[in-house]
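Open your viewer, load the model and keep the selection box handy. We'll hop from one empty space to the next and look in on the ligands along the way.

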Amino acid sequence: MFDYQGKNVVVIGGTSGINLQIAKSFAAQGANVAVASRSQDKVDAAVSALNSVNQSGVHLGVSFDVRDVDAVAQGFTKIVEQFKNIDVLVSGAAGNFPATAAKLSENGFKSVVDIDLLGSFHVMKQAHQYLTRPGVIIQISAPQAYIAMPMQSHVSAAKAGVDMLTRSLALEWGAEGIRVNSIVPGPIADTEGFNRLAPSEALQQRVAQSVPLQRNGACQDIANVALFLASPMASYVTGTVIPVDGGWSLGGASMAMAELGRLAQQQ
Ligand code: COA
Ligand code: NAP
């Protein structure tokens, strides 16, 4: 459907869930793909999965924590030793857990802001020097960026910052030929993030009923939009924050999450 033959794609946090599906989808369309996350085991498994999807591409993985700016810099050095340059960066590393602000420690709040927001800044700043012109950055945000949800103050603060980074860097780097956009996944089935917020099949079904399209999303729903955004078909699209959520952000998200929040606090 898309031609990414010979293109170099880097997916940060690309070793599980939504981001891994994005990485595999670029590989399936011909790209060389590098993934990065903290766990070397997850990195190795993701590279094996990429090699299964596309045996002719060059796929590699590096292990680092996005909070450690020196480790991020070293990781990008290793990637460009292989790739020389980067056509597409996907920045999707994130951490989340449900906790009310009153019970959340300062370090708990800081950990999520450090991973999601500072980590995204470190990654985008390092990638900038290696990006081709034209080049593409896609950030993976979350509905919490613009919809308040119980037990998610830390994530809302972090992801709102992520989306403003998208807009700010689209403005600053547009003249260089770099496009920057955010994808905002809705509730995505079979993912760590969704399992943490709705930790039972029954709760996940209730969330599905609050989605106008009446289903939770699939990782492939997000990957499809990433393939579009990185392609020449989207060459006039930058600085946008695109919900891919079956219409959940039209109203259902606030209601469903408020209900999940009430249920969690009763436990
Ligand atoms: N409720 C409240 N506070 C929590 C918590 C929870 N469920 N889980 C962690 N914290 C707090 C810890 O208590 C700690 O604060 P403290 O030092 O004041 O006690 C702080 O968060 C950091 O925890 P730690 O386990 O040391 O962090 P880490 O750097 O090893 O891991 C997390 C980061 C906490 C975000 C971890 O959940 C993670 O690695 N997540 C990645 C996977 C994920 O979240 N996927 C979904 C993406 S949307
Ligand atoms: P996931 O499988 O837990 O993916 C998170 C990825 O980030 C993993 O590869 C993880 O690997 C990596 N990571 C976490 N902390 C890191 C750190 N400090 N440094 C480097 N890498 C780190 O979660 P997911 O649910 O698929 O979420 C993926 C993205 O989608 C996130 O940005 C999330 O906010 C967003 N999102 C998800 C949903 C959903 O329904 N799931 C909804 C909205 C938005 P390691 O553990 O090896 O580091």
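Which helix gives the largest share of the lining of the second largest cavity? Select α4 (106–128): four residues of that lining come from α4. Helices here are DSSP runs of H or I with at least four residues, strands are runs of E with at least two, and both are numbered from the N terminus.

Some housekeeping before moving on. This is a predicted model, where local features need pLDDT of at least 70, side-chain atom pairs count only at pLDDT 80 or more, and totals for chains, interfaces and linings use all residues. Residues are numbered from 1 along each chain as its sequence is written, chains are lettered from A and ligands numbered from 1 in the order in which they are written, and side-chain values use heavy atoms, with hydrogens and water left out.

**Stop 1: the cavities**

Rolling a probe the size of a water molecule over the atoms shows where empty space is left. On a 1 Å grid over the protein atoms alone, a cavity is a set of points where a 1.4 Å probe fits but cannot get out; a pocket is an open set with protein on both sides within 12 Å along at least five of seven lines; and lining residues have an atom within 4 Å of a point. Points are joined across faces, edges and corners, and a volume is the space filled by probe spheres set on them.

The whole structure has two cavities of 30 Å³ or more. You've already met the second largest, at about 30 Å³. To see its walls, select Ile12, Val66, Ser91, Gly92, Ala93, Ile115, Gly119, Ser120 and Val123. That makes five nonpolar, four polar and no charged residues (nonpolar: Ala, Val, Leu, Ile, Met, Phe, Trp, Tyr, Cys and Pro; charged: Asp, Glu, Lys and Arg; polar: the others, Gly among them).

Now jump to the largest cavity, about 50 Å³. Select Pro98, Pro150, Met151, Gln152, Leu197, Met257, Leu260 and Gly261 for its lining. There are no charged residues here either, just six nonpolar and two polar. α9 gives the most, with three residues.

**Stop 2: the largest pocket and ligand 2**

Next, the largest pocket, with a volume of about 1100 Å³. It is lined by 45 residues, and Gly92, Ala94, Gly95, Glu192 and Gly193 are the closest to its centre. Elements giving two or more residues to this lining are α1 (17–28), β2 (32–37), α4, α5 (153–173), α6 and α9 (252–266). Colour α6 if you want the top contributor, with five residues. By class, the lining has 23 nonpolar, 15 polar and seven charged residues.

What sits in the largest pocket? Show ligand 2: that's where it sits (more than half of its atoms lie within 2 Å of the pocket's grid points). Around ligand 2 are 31 residues, with Thr15, Ser16, Ser37, Arg38 and Thr191 coming nearest (a residue is near if one of its heavy atoms lies within 4 Å). Turn on the backbone and look for N or O atoms facing oxygen atoms of the ligand: Ile18 at 2.9 Å, Ser39 at 3.0 Å and Gly92 at 2.9 Å. The protein covers 90% of the 880 Å² of accessible area that ligand 2 has on its own (Shrake-Rupley, 1.4 Å probe).

**Stop 3: ligand 1**

Switch to ligand 1, which has 15 residues around it; the closest are Arg38, Arg67, Asn96, Ser105 and Arg196. Here, look at side chains. Oxygen atoms of ligand 1 lie 2.9 Å from an N or O atom of Arg38, 2.6 Å from a polar atom of Ser105 and 2.8 Å from an N or O atom of Arg196. Taken alone, ligand 1 exposes 940 Å², and the protein buries 55% of that. α4 is back, giving the most to this shell with four residues. The shell divides into four nonpolar, seven polar and four charged residues.

**Last stop: the second largest pocket**

Finish at the second largest pocket, about 230 Å³. Of its 14 lining residues, select Lys7, Val136, Ala230, Ser231 and Pro232, the closest to its centre. Add β5 (131–140), which gives the most to the lining, with four residues.

How values were computed: A polar contact is a pair of N or O atoms within 3.5 Å; within protein, one must be able to donate a hydrogen and the other to accept it, and residues adjacent in sequence count only if both atoms are side-chain atoms.
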